[in-house]
Amino acid sequence: MAGDPRHWQIGLVGYGEVGRILAEDLRRQDIKVAAYDIKLGGEQGVALKEHAAKCGVALATSHAELTARSDLIISAVTASQAVPVAKVCAAAINQGTWFLDFNSASPGAKQRAAALIDGAAGRYVEGAVMTSVPPYRIKVPLLLGGPGARELEPLLNAIGFAAKVASDKLGVSSAVKMCRSIMIKGLEAMVIESFTAARAYGVEDAVLASLGETFPGIDWEQQGAYCFQRVIEHGRRRAEEVREVAETVRETGLTPWSAQGTAERQAWMADLADEGLFGLRGSREFARSADWRTEADRILGRINRMK
């Protein structure tokens, strides 16, 4: 493996929103980037291939091909695929190749993934992305964990990341993220449920005014629009993540009632989005309404039609 990370070949497993942002920021530094995504062979493959061609990202035909030629592999897939991806990459990984797990998975899942990669002579490091990626891009706050975290930290930061070691023990970084997500993803679900119900009763203005008095530091109109936008666009991924959050809570012996409810609400919104209730997915207007009432009215309209 090349010593200078700027000369690495970086492999992205998952070419969704996060993968594409990382690819863009790495390619701006002339760092070699390759990617693989199972969606390349489906309907979304055309757009992904166009993006890769525009950015100079080489597309692999399989996990194995991508893994075998990479110095650093970044796994950025849906939460449920974190361990399966580690398993298929472990089968082709070269000795000493770094494997950075960007996925929102439970500490237990991260430990299982690490066992697969480390058992194949790779070097697994867990990464916990601590906030939404788009505003920060490659500089998104990133907590690292595991025995190799301290060695990988300066190498990542040399190519633009904002990584910080949380612990030499696997699972700590993910525990921080998962426990935070109980609040963040739960707030999204509660905003959608509270605001939509308030809209149905015609009391939304009074509810927002009361929230403003109780939490004066939050612009609830803006927060409402943001929550609806993010869940409409990313509810499926968020639901998977919160199921991992629930597993994280369950591993402590607590029953994850809040997390389970949040996952159901996020998945329900994803189902409505897939039905086309909020417009055509991928269009410029999709999940971009600045007024949450527009989306709430669409939800209430559907509920009324189903009565």
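Student: What makes β1 and β4 a pair, and how do they run?

Tutor: Two strands (DSSP E runs of at least two residues, numbered from the N terminus) pair if DSSP finds at least two bridges between them. Four bridges join β1 (residues 9-13) to β4 (residues 72-75), so these strands count as paired, and they run parallel. For instance, I10 has L72 in β4 as its bridge partner. Keep in mind that this is a predicted model: local features need pLDDT of at least 70, side-chain atom pairs count only at pLDDT 80 or more, and totals for chains, interfaces and linings use all residues. Residues are numbered from 1 along each chain as its sequence is written, and side-chain values use heavy atoms, leaving out hydrogens and water.

Student: Why are β3 and β8 called edge strands?

Tutor: The eight strands form an open sheet with mixed pairing, in the order β3-β2-β1-β4-β5-β6-β7-β8. β3 (58-59) and β8 (162-167) each pair on one side only.

Student: How do you know that C179 is in no disulfide?

Tutor: A disulfide is a pair of cysteine sulfur atoms within 2.5 Å. The nearest cysteine sulfur to that of C179 belongs to C227, 20 Å away, so C179 does not qualify. A search of the whole structure finds zero disulfides.

Student: Why is C227 called buried, and what is C179 called?

Tutor: Buried means under 20% relative accessible area, exposed over 50%, and partly exposed in between (1.4 Å probe, protein chains only). C227 has 1%, so it is buried. C179 has 47%, so it is partly exposed.
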